[in-house]
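Please open the model in the viewer and keep the selection panel at hand. The tour begins at a strand pairing and then moves to the aromatic rings.

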Amino acid sequence: MTPDRVLDEYAARQYGVFSLEQAKRAGFTARMVHTRVAARAWVRLAPSVYALASAPPHWERQMAAALLSRDDALVAGRSAAYLHDFEGFGPSRPVIMIGEGGNARSPLARIIRSRRFDDVGRVRKRGFQVTDEADTILTLSRELVVQRLESLVDSVLARKSCHPSDLARVVESASGSPGVGKLAAVVGPRLPDAYQPPTTELERLLYRVLDHTVVPAYTRQLPFTFLRVEATVDAYVPAWRLIVEGDGRRWHTRRADHDRDRLRDNEATAHGYAVLRFSYEMLRDDAGGCLDTLVRTGRIRTAS
C-alpha cells in the first residue's frame, strides 16, 4: 500500500486531519512532506499538524487538529457541551483539556488544564474523545453564572442522560477545583436523597397556617379558569382575593413546569388576584413568619 493510501485511512477517521508522526508512519519522508505542502495538497494547521486540502474547513476539522496538536487531550468545556447536545451551545472555538503540567497556549483551541485529568470521565462522540456529561458540566461551572448552571443541570437531568449521583461524584472528586463549590450548591437539592415532602404533609402544614383564626374563610383545592391557563390552587381566600400555594418542589424536572407555574401566577395577577407561595421549609421552620406575611398581605389587599 502506498504512503498516500495509508495516510488517507488516518485522515478519513480524523476529518481530513493527520499529524506529522502519522505521516511518517505511513511512509512519508521529510522531503515528501515538504513537497506536498509546497504543492498545496496538504495544509499546515499547526506545528506537526496537517490537513488534506480537499478536507472542508468545518468545525470538526479544527477540533481534530486541536486534539492532534497535543499528545493527550480531550474535547472539553463548551465544545464538549456542543457534542453532548446541551441546550444553548454551538460550534464555537474548540476547547480541549490537557493535564495540569501541559502548555496552555495553542493557535487552534482554548486549553483547559486539569489536575485530575487522568480521572476525568470520557466518552466518544462523533469520533472524538470527550469529557462525559458530568465532567463537562463541572468544567462549565467555572464560567457559567448560577442561574445558567441550574438551567443546564435541570435540562440534562430531565432528559435522563445524566444522573444526580454522577454530578455528585465529580463534585466529590474535584474538591478545590474552580467552580466546584457553585456546582455543589446546585447538585445538593437534586440528589435522590434530598427530602421531598409528600403532598399530604405539605398541605397539612399549609392548611395549619390558613386555619388560624386571624385568617378569613378560605377554600381548599379550588379550580380556576384564566384566559390562558386552567389550574387548581391549593387555597383561595375570597375576602382578600388571595391565592395561596404550597411549593414542595426543591427543583423542576422540566423547564416547562417552571414556566407553567409562572404563567399561572401571571394570569392570576392579570385577573386581579394576589399570589403567595410558601416552600415546605418555610412552612416547617417558620410557620409564624408565613402567617405574618399572609395577614399583612390580606390587610393591604383589604385597604386597597
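Select V43 first: its bridge partner is A51, in β3. This is a predicted model, in which local features need pLDDT of at least 70 and side-chain atom pairs count only at pLDDT 80 or more, while totals for chains, interfaces and linings use all residues. Residues are numbered from 1 along each chain as its sequence is written, and side-chain values use heavy atoms, with hydrogens and water left out.

**The sheet**

Next, select β2 and strand β3 (residues 49–52), which run antiparallel and are joined by 4 bridges. Two strands pair if DSSP finds at least two bridges between them; strands (E, at least two residues) and helices (H or I, at least four) are DSSP runs numbered from the N terminus.

Add β1 to the selection to display an open sheet of 3 strands, with antiparallel pairing and the order β1-β3-β2. β1 and β2 (42–46) stand at the edges with a single partner strand each, so one side of each is left without a neighbour in the sheet. From one strand to the next, the twist averages 35°.

Now show α1, which packs on the sheet and touches β1, β2 and β3; contact means heavy atoms within 4.5 Å. The direction of α1 makes about 115° with that of β1. Axes here are lines fitted to C-alpha atoms, for helices over the stretch in contact, and angles run from 0 to 180 degrees between N-to-C directions.

**The aromatic rings**

The structure holds 13 aromatic pairs. Rings of Phe, Tyr and Trp (its six-membered ring) pair if their centres lie within 6.5 Å; planes under 30 degrees apart count as stacked, over 60 as edge-to-face and the rest as tilted.

Select Y15 and F128: the ring centres are 5.2 Å apart and the planes lie at 20°, so this pair is stacked. Y15 is in the loop between α1 (3–13) and β1 (17–19), and F128 is in strand β8 (residues 128–131), so the pair ties together parts 113 residues apart in sequence.

Is F128 buried or exposed? Its relative accessibility of 3% makes F128 buried (under 20% relative accessible area; exposed is over 50%, partly exposed in between, with a 1.4 Å probe and protein chains only). Y15, at 33%, counts as partly exposed.

Add W59: the rings of W59 and F128 have centres 6.4 Å apart and planes at 85°, so the pair is edge-to-face. W59 belongs to helix α4 (residues 59–68), 69 residues from F128. Finally, include Y82, which forms one aromatic cluster with Y15, W59 and F128.
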